[in-house]
Amino acid sequence: MDEQKQIDAFEAKIAAGVKIEPKDWMPEAYRKQLVRMMSQHAHSEIVGMLPEGNWITRAPNLRRKAILLAKVQDEGGHGLYLYSAAETLGVDRTELLEQLHTGKAKYSSIFNYPTLTWADIGAIGWLVDGAAIMNQTALARGSYGPYSRAMVRICKEESFHNRQGYEIMMQLAQGTPEQKAMAQDALDRWWWPAVMMLGPSDDQSPNSEQLMRWKVKMESNDAIRERFIDRTVPQAEFIGLKVPDKDMKFDEKTGHYTHGKINWDEFFDVIKGNGPCNAKRLKDRVDADKKGKWVREAAVAYATKRAKEKEVA
Amino acid sequence: MSDTQWPVWEVFIQASPGISHKHAGSVHAPDAEMALQNARDVYSRRSEGMNIWVVPANAITASSPEDQGSFFEPSNDKPYRHPTFYKIPEGVKYL
């Protein structure tokens with residue numbers, strides 16, 4: 001079959017809502033874009049474990065500690081699903097991790113902000129996981145089978161992350177004046193980074209018509225951002241907190257909130273590596289990898305010993 | 001065997017007694033026993049199953065998507081394998 005015919009058949013399949021599976025023919029640009037997206041997504045999951053891991057030993061009580069441990073463990077699992085999905089396209093996990101550890105690969109800008117107080121753990125679950133869910137429910141409808149299935153699984157698990165975060169914020173907001181101020185401070189610091197993590201606005205990031213047609217990207221960044229804001233602002237109001245945007249107002253005509261100007265310079269600066277925690281995150285990730293080396297070596301030694309024992313028996 | 005690039009194992013989970021195992025995903029592990037433990041940690045954190053199989057990914061032989069048409073052709077022209085192929089007069093029961 002010539003290339004054009006293959007592309008036509010591939011596009012017809014996608015238009016009909018059929019998922020593309022690893023062994024199916026696909027254009028090189030499709031494969032490349034998906035490897036890039038899935039690996040960045042996987043990196044974000046495991047780097048995302050770091051800011052939250054920071055509070056595991058200092059969670060205010062046992063209930064919160066158990067919940068936070070479970071959430072951070074989930075993020076590790078999500079990273080694994082996504083690395084597995086990327087591997088179906090012929091890349092190695094080792095190779096992808098190498099790209100992360102050498103700073104060649106990107107991960108979500110949001111994880112380069114610090115978690116200064118316990119309320120930040122609430123803000124992350126509520127806002128960061130909330131924004132991620134908006135993005136991921138869209139991606140779950142994407143055309144690549146393994147990615148879409150990983151997204152479905154992840155979305156199911158994220159909903160607990162989102163709710164436990166909101167519960168933390170709610171409890172603080174209903175607490176002492178100091179606790180409420182702490183919740184408001186966390187919202188003040190995390191709001192804009194969460195709004196920005198959904199990616200550059202559409203005029204700065206022209207969505208390739210091709211990626212939309214191939215169902216690699218399902219919705220524009222601004223459309224997903226609008227949904228996130230529409231759902232989140234009333235949630236803040238409900239617990240007596242205020243999003244730090246003086247221009248935010250509800251537009252009766254459109255039924256949507258309109259937001260103030262987003263500081264995209266900050267976003268691109270963080271992406272470039274100049275966020276408050278970029279260097280620390282990368283260092284912690286590389287250290288975690290190094291510190292885990294003896295565990296992996298022990299696992300191999302054990303497997304080798306067991307295989308030998310079997311041979312003898 | 002490189003440090004983290006251990007063999008891939010496909011994971012199949014039986015959700016409840018009496019139903020068939022279903023593919024859940026994959027894990028890397030140096031041997032079958034650790035693959036089973038990893039699979040439990042990764043794919044059954046919320047009581048998703050009661051039994052797990054792990055199968056070395058390279059032990060799976062799959063039909064090829066390009067040959068899909070001809071490969072499954074033999075069954076396409078045999079409608080008489082389906083009960084709806086047969087006309088049974090109304091009034092005849094339990095058939």
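Start with chain A and chain B together: between them they bury about 2,100 Å², and 47% of that area lies on carbon and sulfur atoms. Keep in mind as you explore that this is a predicted model.

Now select A:Lys23, A:Arg153 and A:Arg296. In chain A, these residues lose the most area to chain B, and together they make up 24% of what that side buries.

Next, show every residue that takes part in the meeting of the two chains. You should find 23 residues of chain A in contact with 25 residues of chain B.

Which residue of chain B should you pick to see a salt bridge with A:Asp74? Choose B:Arg46, whose side chain meets that of A:Asp74 at 2.4 Å, N to O. Between chain A and chain B the count is 6 salt bridges. Polar contacts can be displayed too: 12 residue pairs are in polar contact between the chains, counting pairs with both residues at pLDDT 80 or more.

Colour the helices of chain A for the next stop. Helix H4 (62-87), helix H5 (93-101), helix H7 (145-173) and helix H13 (293-312) each supply at least two residues of the side that touches chain B. H4(A) gives the most to that side, with 8 residues. Colouring by class instead, the side of chain A that touches chain B shows 7 nonpolar, 5 polar and 11 charged residues.

Finally, turn to two cysteines. Are A:Cys155 and A:Cys277 buried or exposed? A:Cys155 has a relative accessible area of 13%, so this residue is buried. A:Cys277 is buried as well, at 8%. A search for disulfides over all chains of the whole structure finds 0.

Key: Residues are numbered from 1 along each chain as its sequence is written. Chains are lettered from A and ligands numbered from 1 in the order in which they are written. This is a predicted model: local features need pLDDT of at least 70, side-chain atom pairs count only at pLDDT 80 or more; totals for chains, interfaces and linings use all residues. Side-chain values use heavy atoms; hydrogens and water are left out. Contact means heavy atoms within 4.5 Å. Buried area is the accessible area (1.4 Å probe) that two parts lose on being put together, summed over both. A salt bridge is a side-chain nitrogen of Lys or Arg within 4 Å of a carboxyl oxygen of Asp or Glu. A polar contact is a pair of N or O atoms within 3.5 Å; within protein, one must be able to donate a hydrogen and the other to accept it, and residues adjacent in sequence count only if both atoms are side-chain atoms. Helices (H or I, at least four residues) and strands (E, at least two) are DSSP runs, numbered from the N terminus. Ala, Val, Leu, Ile, Met, Phe, Trp, Tyr, Cys and Pro count as nonpolar, Asp, Glu, Lys and Arg as charged, and the others, Gly among them, as polar. A disulfide is a pair of cysteine sulfur atoms within 2.5 Å. Buried means under 20% relative accessible area, exposed over 50%, partly exposed in between (1.4 Å probe, protein chains only).
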